[in-house]
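Here is a friendly walk through one structure, written for reading alongside the model. Keep the viewer open and find each residue as it comes up.

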Amino acid sequence: MEQKINWIDNLRGIACLMVVMIHTTTWYITNANIVTPFSWDLSNVLNSASRVSVPLFFMISGYLFFGERSAQQRHFLRIATCLFFYSVVALIYIKVLTPINAGLSLRYILQKPVFYHLWFFFAIIVIYLLSPLIQVKKVNATVILGLMVLLGVIANPNTVPQTLDGVKWLPINLYIRGDTFYYVLYGLLGRAIGMLETDKRWISGLAAGLFALCIFSISTGTRHQLEVNGNFADTFYVYCGPLVFIAAISLLVLVKNCLNGRPLPGLTLISQHSLGIYGFHALIIHFLRTHGYQITSSPVLDIMWIFGATLAGSLLLSMALQRIDTRKMVS
């Protein structure tokens, strides 16, 4: 069990860093008409490589709560407290430091988050709610692989449609609707794969190769869509798309195999503060981007600066919050 906890901690730390990278590079991705091709391509690769972050968080939650134990009352209390606390922080930020209408943000709080990144707290509640009903069985790798291919690619409504002589043959219609299905599926696979014996060198090599291939495909596909549409399209970026799906599972296996011996100090620190980092990071990035604290004339330096400053700032805020929040309800 100690090894499993270690790889989960390392994986959580990696996923947290990837979330920060996604939002660090988003400005370049969505402003293709005013940034250089190099800065867009660099941001596209970094963003593509980080798309697995949110699926990883769902798989971690599934591994923890779709087994012998399920989410308890304290877990629901914590997620509700987090949603309330970080919504209040975001509302204060909006009111004091932005021209955004805080009243509108508050009015629709039950329909959409106050600040864009807080959507995850709404989505993860579904995993918690279903956890008392779900205990994933230990199945062999063939069954899991079959489910991944069928549900993750062949019947995935996010798969780019394929036609032959005017007849659509992919994706097949299994009446899968909505992202929530895939959030739950990520949780199920997180638990199922977590119980598998995967610690073989050839499996690690295959996982690394698949991850790299998926990142290449996501970035090149997104570049192609930009050239076709004349603007950014998130066709290959969606968290439930087949390429992100395969990449996320590949990275899960790779970390489980290669980072399961002991917690890595840097990743452990990030993992311990992942909640606080997630809650604060988007506000810091928004502030830096909208108040002129950026170096867009030098994209590499800018990305390093925004990422580093955001990570350091949100980590320090989380550390300070933990001194007050001794029960770790929101930190």
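In this predicted model, seven residues come together as a nonpolar patch on the surface: Phe38, Tyr293, Ile295, Val300, Leu301, Met304 and Trp305, covering about 700 Å². Helix α13 (residues 299-324) gives the largest share of this patch, with 4 residues. Tyr293 sits in the loop between α12 (274-290) and α13. Its relative accessibility is 47%, so Tyr293 counts as partly exposed, given that exposed requires over 50%.

**Helix packing**

Two helix pairs are worth turning the model for. Helix α2 (residues 37-50) packs against helix α9 (residues 201-229) with axes 9 Å apart and an angle of about 135°. This makes α2 oblique to α9, because the roughly antiparallel class takes angles over 145 degrees. The crossing of these two helices, α2 and α9, is right-handed.

The other pair is helix α6 (residues 119-130) with helix α8 (residues 179-194), whose axes come within 10 Å and cross at roughly 60°. Helices α6 and α8 are therefore oblique to each other, and their crossing is right-handed.

**Salt bridges**

How many salt bridges does the structure hold? There are 5 salt bridges, and the table shows some of them.

| Acidic residue | Basic residue | Closest N to O |
|---|---|---|
| Asp9 | Arg12 | 3.1 Å |
| Asp41 | Arg223 | 2.6 Å |
| Glu68 | Arg191 | 2.9 Å |

Side chains of opposite charge can pair when their charged atoms come close. Asp9 and Arg12 are both in helix α1 (residues 2-29), where they are 3 residues apart, about one turn of the helix. Arg12 is buried, with a relative accessible area of 17%.

Asp41 and Arg223 form a salt bridge too. This pair links distant parts of the chain, as Asp41 belongs to helix α2 and Arg223 to helix α9, 182 residues apart. These are the two helices that pack at about 135°. Asp41 has a relative accessible area of 31% and is partly exposed; Arg223, at 23% relative accessibility, also counts as partly exposed. A network of salt bridges links Asp41, Arg223 and Glu227.

Glu68 and Arg191 meet through their side chains in a salt bridge. Here, too, distant parts of the chain are linked: Glu68 is in the loop between α3 (53-65) and α4 (73-97), while Arg191 is in helix α8, 123 residues apart. Is each partner buried or exposed? Glu68 counts as exposed at 65% relative accessibility, whereas Arg191 counts as buried at 9%.

**Backbone details**

Most residues other than glycine have a negative phi, and most peptide bonds are trans. Three places in this model are worth checking with that in mind.

Leu170 and Pro171 are joined by a cis peptide bond, with omega about -5°. Pro171 lies in the loop between β2 (167-170) and α8. Tyr175 is found in the loop between β2 and α8 as well, and has a positive phi of about 60° although it is not a glycine. Tyr175 is exposed, with 66% relative accessible area.

Asp165, which is not a glycine either, has a positive phi near 55°. The loop between β1 (162-164) and β2 holds Asp165, and this residue is exposed, with a relative accessible area of 77%.

Methods. Residues numbered from 1 in each chain as written. Predicted model: local features only at pLDDT ≥ 70, side-chain atom pairs only at ≥ 80, totals over all residues. Heavy atoms only, no water. Patch = residues over 30% accessible without salt bridge, like charges linked within 9 Å, V, L, I, M, F, W, Y side chains within 5 Å. Areas by Shrake-Rupley, 256 points an atom, 1.4 Å probe, with all protein chains shown as cover. Salt bridge = Lys/Arg side-chain N within 4 Å of Asp/Glu carboxyl O. Buried < 20%, exposed > 50% of the residue type's maximum accessible area, 1.4 Å probe, protein only. Axes fitted to C-alpha atoms, helices over the stretch in contact; angles between N-to-C directions. Parallel < 35°, antiparallel > 145°, perpendicular 65-115°, else oblique. Left-handed = near helix turned anticlockwise from the far one by under 90°.
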